[in-house]
Amino acid sequence: MRTVEIKANDANQRLDKFMTKFFPNMPQSLIYKYIRKNCVKINKKRPHPDYRLAEGDVINFYINDEFFLSSGEEPDFLKVNIKPNIIYQDENIILANKPAGVLVHDDDTNVANTLINQIKKYLYDAGEYNPDDENSFVPSLCNRIDRNTQGIVIAAKNAEALRVLNEKIKKREITKQYLCIVCGHMDKKSDTLTAYLKKDTQKNKVYIYDTPQKDAKTIATRYTVLKQNRDFSLLDIKLITGRTHQIRAHMAYIGHPLLGDGKYGINKINKQYNMTKQALCSYKLTFDFPTDAGVLEYLKGAVFELENVDFLKMFE
């Protein structure tokens, strides 16, 4: 038998969801079987799978030792020696400026130096996170941007902040703005473009259509032209929908691919200007919060903006 005491970061989640995190190598069907067979007790009572855990609950697991992770193996994040570029932090969140070329999460290439590992190591060194003190929670990123895109990424330091941020992002109560350089000049100084996007997971590529397609999702991209030079335009973009590669694919579809984009852009132009990463940056973040934000209510109306975007020197 193993005993686990529920802590603040474990509370307010269902028992079955907690067990999925606590036993990452256990099949989902076996989790429910153990609960059904009375191998899991909470406060000495038989629980239901959807029981919501409370801080201070004591769980007794009568489960095979093989499913309990060994504590002797060093976590990957401890191998990281690069500090994240933090533009803001408090007791609940971190806003980090991710450089182009850095992965947000491991993509099965066993790269240890991801943004989330940098943040975990930073918090570990600061005494704000220790995996040995947590049952189910790890510091987590709330939004993602492509490897070769620079920009602001939000990380949650605790479970309640993560819950609120995920809810606000889902409700589109956090606005993200992007800067990008596209080839050519836009027909209009400002416009909202709509289309349909279909993702090919095997090719890690998306395709844009004017009309509805099977498995395609509606997209809407709002842009404003900030500057122009002879060959390029600098755009400010607000995503009304946030789909995979939306800005890159949508701009390429209308004939204005991003400078430096190796997947949707023009390689001849990219080589001419020695651009190996797309000129795209998630540079501005606004916490709109028209509804209650709980522990993050103090961020209502806050705006965060990057001061340095490398590719802007083309328009100086």
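In the predicted model, helix α2 spans residues 28-36, and I31, Y34 and I35 are its buried positions. These three residues lie on the same side of α2, because the arc they cover around the axis is only 100°. Their packing partners are α1 (15-22) and β2 (40-42). The face of α2 turned away from the buried side carries S29 and R36, both exposed. After α2 comes N38, which has a positive phi, near 65°.

The largest nonpolar core comprises 34 residues, and L165, F287 and L296 have the most contacts inside it. Two or more residues of this core come from each of β5 (93-98), β7 (150-156), α4 (159-170), β8, β12 (232-239) and β13 (280-287). A second core, separate from this one, has 27 residues, including F77, L141, I145 and I237. For L165, leaving aside residues up to four places away in sequence, the contacts are I93, C142, I154, A156, I174, F287 and L296. Two of the residues with the most contacts inside the largest core, F287 and L296, are thus among the residues that L165 touches.

Strand β7 is largely enclosed by the rest of the structure, since seven of its seven residues are buried. The strand has several pairing partners. β5 and β7 run antiparallel and are joined by six bridges; within this pairing, K98 has G151 of β7 as its bridge partner. Strand β6 (residues 140-141) is also antiparallel to β7, with two bridges between them, and S140 is partnered with A156 in β7. By contrast, β7 and β13 run parallel, again with two bridges. In that pairing, Q150 has C281 of β13 as its bridge partner. A156 appears both as the bridge partner of S140 and among the contacts of L165.

Strand β8 covers residues 174-183 and contains Q177. Q177 has a relative accessible area of 10% and therefore counts as buried, the limit being 20%. Residues up to four places away in sequence aside, Q177 touches D236, I237, K238, C281, S282, Y283 and K284. Among these contacts, I237 belongs to the second core, and C281 is the bridge partner of Q150. In a regular strand, side chains alternate between the two faces of the sheet.

Side chains of opposite charge can pair when their charged atoms come close. The structure contains 12 salt bridges. One of them links D125 and K121, with 3.0 Å between the closest N and O atoms. Both residues belong to helix α3 (residues 115-125), where they are four residues apart, or about one turn of the helix. The two ends of this bridge have contrasting accessibility: D125 is exposed, at a relative accessible area of 52%, whereas K121 is buried, at 18%. The value for K121 falls below the 20% limit for buried residues, so K121 is assigned to that class; the value for D125 lies over the 50% limit, so D125 is classed as exposed.

A salt bridge also connects R163 and E167, whose closest N and O atoms are 3.4 Å apart. These residues are four positions apart in helix α4 and are therefore separated by about one helical turn. R163 is partly exposed, with a relative accessibility of 43%, and E167 is likewise partly exposed, with 28%. Both values fall between the limits of 20% and 50%, which means that neither residue is classed as buried or exposed.

The salt bridge between E173 and K168 has its closest N and O atoms 2.9 Å apart. Both partners are buried: E173 has a relative accessibility of 5%, and K168 has 0%. Beyond this pair, salt bridges with shared partners connect E160, R163, E167 and K171 into one network. The bridge between R163 and E167 joins two members of that network.

Conventions. Residues numbered from 1 in each chain as written. Predicted model: local features only at pLDDT ≥ 70, side-chain atom pairs only at ≥ 80, totals over all residues. Heavy atoms only, no water. Buried < 20%, exposed > 50% of the residue type's maximum accessible area, 1.4 Å probe, protein only. Contact = heavy atoms within 4.5 Å. Core = buried A, V, L, I, M, F, W, Y, C linked by side-chain atoms within 4.5 Å. Arc of directions from axis to C-beta. Salt bridge = Lys/Arg side-chain N within 4 Å of Asp/Glu carboxyl O. Pairing = 2+ DSSP bridges.
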